[in-house]
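Student: I would like to learn how to read pockets and helices in a model such as this one. Could we go through it together?
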Amino acid sequence: MPSEVQTQSTIGLDIQGLSVELGGRPILAGVSLQQESGSYACLLGESGSGKSTLLAAIAGLLRPQRGHIEICGQAVSNDRTWLAPEKRGIGMVFQDAALWPHLSILENVLYPLRARGLPRDRNRAHALLERMGIPAAAAKRRPHELSGGQQQRVAIARAIIAMPRIVLLDEPLSALDHGVRENLREFLHGLFREEGITALHVTHDPGEAFYLGQRVGVLNAGHLEQWDTPEGLYQRPASLTVARLGGSVRGIQVPVLEHRGNSALLLWEGQRLQVPATSALNGATRATLLLRPSDIEIDTSEIGDGAKAEARHAHWHDGRYLLALRSTDGQELLAFSRDGSLGPRTWKLRPQHGWCIPQTATKQEELS
C-alpha cells in the first residue's frame with residue numbers, strides 16, 4: 001500500500017487492487033500504488049516477482065482480472081474501461097534498445113510521431129539527440145553503427161519525443177557494461193527531471209533503484225511489500241526481504257516487553273533495548289529486530305556492561321572488518337570493527353538504532 005496519498009491533481013499513475021493471473025497462476029496480487037506526476041520511480045524485485053507483468057498491465061499489453069489503473073487522472077483499465085496501448089500516451093524503453101535496423105537514427109527517434117500521425121518535429125529530434133550525446137553526423141547512421149550505450153540513448157529519445165504522459169522502462173541498463181551503465185544512470189537522473197515526464201523504471205539492481213527512484217516499490221512473489229522513499233526502505237523496511245535490499249542485515253527473534261506507537265522495549269541478551277518499531281507490532285509479545293552492522297557498537301570504552309558474543313568470522317570490508325558474531329542464545333549479528341580478531345567480544349546497540357517488525361513478517365523468509 002502507498003505510504004502516503006497524493007492529491008488527485010499531482011497523481012501521474014494510480015494503481016489500486018491490481019491482480020493478474022496467467023494460466024490460472026497468480027502473478028500480481030492486489031497491487032496498489034500512487035506515483036506523483038513528473039517523478040521518477042523504480043520497481044525492484046527478483047526475476048519472477050511480477051515487475052515486467054505490472055509494466056505490461058500499465059502499458060495495456062495484457063488485461064488484469066481485477067483492479068484499476070489511471071494515468072494522469074484518466075482511467076485506462078478497470079471493470080468497465082479498457083484503453084488500447086496506443087491510446088494511453090505511454091513511451092516504452094526495453095532492455096534491448098529495439099531500434100528499427102533499416103531506419104536511420106533520426107528516423108527511429110521520429111517514428112512515434114509518424115505512428116501517431118503527429119508532425120515530425122525534426123528540430124526537437126535533433127535537440128534530443130544532442131542532449132543524448134549523439135553527434136549530429138550520427139543521425140544519418142543505422143543503429144548497428146552505434147555502441148550499445150548510444151543505442152539505448154536513442155531508444156530513450158524515441159520514448160520521450162512525443163511527450164508521453166508516462167515512460168515505462170523495463171531493465172533498460174541491465175544489458176550494458178558497468179561503466180556505460182553508471183554513465184547512463186546519471187544521465188537518466190537529470191533528463192527526466194528536466195523533461196518533467198513521469199517515469200516508472202523496472203530493475204533487479206537495488207543500487208540502481210535507490211539512486212534513480214524518488215519512490216521505490218519492492219515486489220515479492222506478486223505482492224508489493226513496500227512503496228516508499230529509498231530512505232524509508234532502508235530505515236523502516238516492512239520485511240526482511242525489503243531490508244536485505246539495503247545491504248547486510250540480520251533478523252533477531254526477541255521478546256517484546258512494551259510497544260507504544262513507533263517504539264518498542266525489548267529484552268535480549270540481558271539488555272533492555274528501546275528501539276524504533278513499526279506500529280504493525282500491535283501489542284505482539286515477540287518480534288523480529290532488524291540489525292545492520294552500523295547499528296552495533298563493539299569493544300569501545302563507552303560500552304561498559306555490554307552483551308557478550310563470539311566473533312566467528314571476519315573479513316576486510318571498505319577499510320574495516322565486518323564481524324559475524326554469535327550471541328549467547330545462538331543468533332547471529334554483524335558489526336564493523338577496526339579489529340578483526342576472533343573470539344569473545346563485547347557489544348552494545350547504538351541508541352535509537354535497529355528496527356522492529358512483526359515476527360510473522362520474516363518467519364517464512366528465514367525458512368526459505
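Tutor: Let us begin with a pocket, keeping in mind that this is a predicted model. The second largest pocket has a volume of about 250 Å³, and of the 16 residues that line the second largest pocket, Tyr-234, Gln-235, Asp-295, His-353 and Gly-354 are the closest to its centre. Two or more lining residues come from each of the elements α7 (230–235) and β14 (286–291).

Student: How is such a space found, and what classes of residue line the second largest pocket?

Tutor: Rolling a probe the size of a water molecule over the atoms shows where empty space is left. The lining of the second largest pocket has 8 nonpolar, 5 polar and 3 charged residues.

Student: What is the volume of the largest pocket, and which residues lie nearest its centre?

Tutor: The largest pocket has a volume of about 610 Å³, and among its 18 lining residues Ile-90, Met-92, Tyr-111, Pro-112 and Arg-116 lie nearest the centre. Elements giving two or more residues to this lining are β6 (90–93), α2 (105–115) and α4, and by class the lining has 14 nonpolar, 1 polar and 3 charged residues.

Student: Which residues of helix α5 are buried?

Tutor: An α-helix has 3.6 residues a turn, so residues three or four places apart point the same way. In α5, the buried residues are Leu-184, Arg-185, Phe-187, Leu-188, Leu-191, Phe-192 and Glu-195, and what covers them includes β3 (40–44), α3 (122–131) and β8 (198–203). Helix α5 spans residues 178–195, and Gly-196, which follows α5, has a positive phi near 70°.

Key:
Residues numbered from 1 in each chain as written. Predicted model: local features only at pLDDT ≥ 70, side-chain atom pairs only at ≥ 80, totals over all residues. Heavy atoms only, no water. Helix = DSSP H or I, 4+ residues; strand = E, 2+ residues; numbered from the N terminus. Expected span 1.5 Å × (residues − 1). Buried < 20%, exposed > 50% of the residue type's maximum accessible area, 1.4 Å probe, protein only. Contact = heavy atoms within 4.5 Å. 1 Å grid on protein atoms, 1.4 Å probe; cavity = no way out; pocket = protein on both sides within 12 Å on 5 of 7 lines; lining within 4 Å. Points joined across faces, edges and corners; volume = space filled by probe spheres on them. Nonpolar A, V, L, I, M, F, W, Y, C, P; charged D, E, K, R; others polar.
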